[in-house]
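Here are my notes on this one, in the order I'd go through them with the viewer open. Keep the sequence beside you as you read.

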Amino acid sequence: MLLAVLAIVRPAATAAQPVEALDAKAIYLKTVAAVNALSVPPYVEFTSQNDSDVQNSAVQDQLRIVMRVADGFAFVEPLRDRQGQPTPLARAQVVTDGRFPSSIYRLGDFPLADFGLRFGPHARPGIFEDTGTPEPEPSGAPRSIASVKVVDVPYALVDLGDDSVNGHTVYHLGMTPLRDPGHHVLRQMWVDKTTFLPVRYVAERFVDAGTFKFRYLVTVNTALVAGHLINTDADGHFDVHRAVFFRYAGEGHWTIEGVSFPSHEPDWMFDPAIASGESIQAKP
């Protein structure tokens, strides 16, 4: 009799809830939201290793950098020269114009993996944005049309199917800019199915800044470090024009290591003696 009562009151098994099917646009919008949910650190400190091949010559410079995110001002300490040799007596310097002593243009922007998905105004264009044309409204930002808010999606999106990248189960998107490819530079993106953060992307960058022009196609891997999405390594082809007759091309490989996010700038970061180009001893 007791068994009969238990059989009667036992709740029926709950049916498994179907997994939400997402199209390419929904995946993109969730990715934009996930990137914008991450905080922006005041400072980022990292070591950049350049292992590129430029005109059949190896380039292996290594730099330790502390950058103020708001304006890109940075303290740069060369650790190895272009030939990969240690530089213990090299001058440290303060960079305020984005021109780092490296073949990586706008290197200070490279660690933080926003790649045009973050809302809000920026003090300067991002690393993948063409400085030669006006900056557009942030990708994915809500816009008001009369009393209706719409979301701007600047790409034609294609779902290329599920994939696996570095242990992550991901969506794979194909992306073609609908306008202004100098700012909307993503061409493919692999998005973690759980966090909706990108774990890999392909970007095509081309900049025309007067006498300085370049183009490259680069594949970048990312990681989440202390709540911030960073680029960890990149491979790509680049073609650079400086002045009228100087041109070089090559294959690049770059890594970012030792990433941390100081809450305050080090006391020595913007020392006037450093900014004036005087030699200094290695700092702790």
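1. Start with helix H2, whose buried residues are Ala24, Ile27, Tyr28, Thr31, Val32, Ala34 and Val35. Looking down the axis of H2, you'll find these buried residues within an arc of 165 degrees, so they line one face of the helix. The general rule fits here: an α-helix has 3.6 residues a turn, so residues three or four places apart point the same way. Bear in mind that this is a predicted model.

2. How far does H2 reach from its first C-alpha to its last? The helix takes in residues 24-36, 13 residues in all, and spans 19 Å, close to the 18 Å expected at 1.5 Å a residue.

3. Next, strand S4, residues 62-68. S4 is mostly covered, with 6 of its 7 residues buried. Strand S1 (residues 43-50) pairs with S4 in the antiparallel sense over 7 bridges, and S4 also pairs with S5, again antiparallel, over 6 bridges. Val66 is a handy marker in S4: Glu45 has Val66 as its bridge partner there, while in S5 the bridge partner of Val66 is Phe75.

4. The S4–S5 hairpin leaves 5 residues between the strands. Which residue there takes a positive phi? That is Gly72, with phi near 80 degrees. On the strands themselves, Met67 stands opposite Ala74 in S5.

5. Strand S5 covers residues 74-80 and is mostly covered too, with 5 of its 7 residues buried. Besides S4, S5 pairs with strand S6 (residues 93-95) in the antiparallel sense, over 3 bridges. Phe75 is worth clicking on again, as its bridge partner in S6 is Val94. So you can step across from Val66 to Phe75 and on from Phe75 to Val94. As background when you colour by accessibility: in a regular strand the side chains alternate between the two faces of the sheet.

6. Is Leu79 buried or partly exposed? Leu79 lies in strand S5, and its relative accessibility is 31%, so it counts as partly exposed, the cut-off for buried being under 20%. Leu79 and Leu63 are 16 residues apart in sequence, yet their C-alpha atoms are 5.3 Å apart in space.

7. Asp163 sits in strand S9, residues 155-165. Asp163 is partly exposed as well, because its relative accessible area of 35% falls between the 20% and 50% cut-offs. Trp190 is 27 residues from Asp163 along the chain, and the two C-alpha atoms are separated by 8.0 Å.

8. Last, the enclosed space. How many cavities of 30 Å³ or more does the structure hold? There are 2, and the second largest has a volume of about 50 Å³. Its lining consists of Leu38, Ser39, Val40, Pro41, Leu112, Asp114, Arg118, His228 and Leu229. By class, the lining of this second largest cavity has 5 nonpolar, 2 polar and 2 charged residues. If you want to select the cavity in a script, the lining includes the run Leu38, Ser39, Val40 and Pro41, as well as His228 and Leu229.

Methods: Residues are numbered from 1 along each chain as its sequence is written. This is a predicted model: local features need pLDDT of at least 70, side-chain atom pairs count only at pLDDT 80 or more; totals for chains, interfaces and linings use all residues. Side-chain values use heavy atoms; hydrogens and water are left out. Buried means under 20% relative accessible area, exposed over 50%, partly exposed in between (1.4 Å probe, protein chains only). Helices (H or I, at least four residues) and strands (E, at least two) are DSSP runs, numbered from the N terminus. Two strands pair if DSSP finds at least two bridges between them. On a 1 Å grid over the protein atoms alone, a cavity is a set of points where a 1.4 Å probe fits but cannot get out, and a pocket is an open set with protein on both sides within 12 Å along at least five of seven lines; lining residues have an atom within 4 Å of a point. Grid points are joined across faces, edges and corners, and a volume is the space filled by probe spheres set on the points. Ala, Val, Leu, Ile, Met, Phe, Trp, Tyr, Cys and Pro count as nonpolar, Asp, Glu, Lys and Arg as charged, and the others, Gly among them, as polar. The expected span of a helix is 1.5 Å times one less than its number of residues. The arc is that of the directions from the helix axis to the C-beta atoms.
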